[in-house]
Amino acid sequence: MTGVPQQRTGEAHGFPSSKLSILRKHPYFADLEAEAFEQLCRYAKHSTLKRGATIFSKGDPGVSLFAVISGTVKISISSPDGRSAILNLIGAGEIFGEIALLDGSVRSADATANSNCELFTIDRREFIPFVRSQPGLAMKFIELLCARIRWTSDQVEQIILQNLPGRLASALLRLSEKHKSAPQGRTIAITQQEISEMVGMTRESINKQLRAWAARDWVRLEHGAIVVLNAEMLREMAEAGSGNEGE
């Protein structure tokens with residue numbers, strides 16, 4: 001079952017506005033009237049989790065929506081023989097857990113704290129009636145679900161059709177889009193093992209390709225992070241999709 005209730009610390013509306021602004025700035029809540037937003041905050045519970053903590057597991061009841069205040073959450077699936085695949089990394093300002101929340105079914109993947117995290121959690125029993133009272137919000141969540149489908153479709157397409165350089169370049173570009181306004185390139189907080197699980201290749205192959213790109217100043221490798229320095233060249237590599245030009 002979910003590990004989130006471990007360190008629940010109180011009602012969200014008792015926390016600084018800097019934390020509540022995570023919800024207010026999210027595009028799906030930004031247009032809420034002040035009274036409706038205050039109501040949403042009353043529903044939200046605050047929790048802190050250590051890196052590696054289980055938030056929910058595949059098959060758990062979908063009883064909550066989550067918003068990341070700080071840290072990163074890993075959405076993944078695993079096989080009985082221990083293999084795993086990362087479907088997405090959810091960072092500060094993003095929400096997750098909406099699929100099972102909205103359809104009332106079980107979780108379709110595992111969610112784990114990929115670093116020390118702070119979360120807001122909103123219970124389904126309160127959130128569903130709230131959405132019904134806010135038709136505009138319902139439309140926003142339809143948009144979110146469509147975005148999730150497109151993300152998943154892109155991943156499937158890349159794994160099936162692209163070679164390693166194209167697949168890796170596409171993954172880096174997708175992840176770095178969240179940080180495109182950063183002044184010092186686009187920093188992605190991800191290890192080489194994690195990105196290997198995301199693109200379906202060995203860590204050794206990932207390391208070889210990243211080092212080749214680092215030598216060309218397309219990326220910079222840091223401890224637990226990859227900085228995209230030349231997005232245009234990676235985009236060309238992703239579009240090419242085949243051949244050995246990235247080796």
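Buried means under 20% relative accessible area, exposed means over 50%, and partly exposed lies in between (1.4 Å probe, protein chains only). This is a predicted model: local features need pLDDT of at least 70, side-chain atom pairs count only at pLDDT 80 or more, and totals for chains, interfaces and linings use all residues. Residues are numbered from 1 along each chain as its sequence is written, and side-chain values use heavy atoms, with hydrogens and water left out.

**Exercise 1. The overall picture**

Task: State what share of the 247 residues is buried, and count the helices and strands.

Solution:
- Start with burial. Of the 247 residues in the protein, 45% are buried.
- Then count elements. There are nine helices and 12 strands. Helices (H or I, at least four residues) and strands (E, at least two) are DSSP runs, numbered from the N terminus.
- Finish with contacts, meaning heavy atoms within 4.5 Å. Among contacts with a separation of 6 or more, 72% join residues 24 or more positions apart.

**Exercise 2. The open sheet**

Task: Work out which strands stand at the edges of the sheet 3-8-5-6.

Solution:
- Read the order. Four strands form an open sheet, 3-8-5-6, with antiparallel pairing. Two strands pair if DSSP finds at least two bridges between them.
- Look at the ends. Strand 3 (54-56) and strand 6 (84-90) each have a single partner strand, so one side of each is left without a neighbour in the sheet.
- Add the twist. Neighbouring strands are turned by 30° against each other on average, direction ignored. The axes are lines fitted to C-alpha atoms, for helices over the stretch in contact, and angles run from 0 to 180 degrees between N-to-C directions.
- Now take one pair. Six bridges join strand 5 (residues 73-78) to strand 6. S76 has I86 as its bridge partner, and V73 stands opposite I90.
- Check the turn. The hairpin of strand 5 and strand 6 has five residues between the strands, and G82 there takes a positive phi near 95°.

**Exercise 3. Salt bridges**

Task: Find the salt-bridge partners of K140, R148 and R186.

Solution:
- Apply the rule: a side-chain nitrogen of Lys or Arg within 4 Å of a carboxyl oxygen of Asp or Glu. The count comes to seven salt bridges.
- K140 pairs with D31, the closest N and O atoms being 3.9 Å apart. K140 is in helix 5 and D31 in the loop between helix 1 (17-25) and helix 2 (34-43), 109 residues apart. K140 is partly exposed at 23%, whereas D31 is exposed at 60%.
- R148 pairs with E98 at 2.9 Å. R148 lies in helix 5 and E98 in helix 3 (residues 98-103), so the pair ties together parts 50 residues apart in sequence. E98 is buried, at 2%.
- R186 meets E177 at 3.2 Å, N to O. R186 is buried at 17%; E177 is partly exposed at 35%.

**Exercise 4. Two loop residues**

Task: Decide whether I190 and D217 are buried or exposed.

Solution:
- Place I190 in the loop between strand 10 (186-188) and helix 7 (192-199). I190 is buried, at 2%.
- List its contacts. Beyond neighbours within four places in sequence, I190 touches residues including L89, L175 and I226.
- Place D217 in the loop between helix 8 (203-215) and strand 11 (219-222). D217 is exposed, at 52%.
- Check the backbone. D217 has a positive phi of about 65° although it is not a glycine. Most residues other than glycine have a negative phi.
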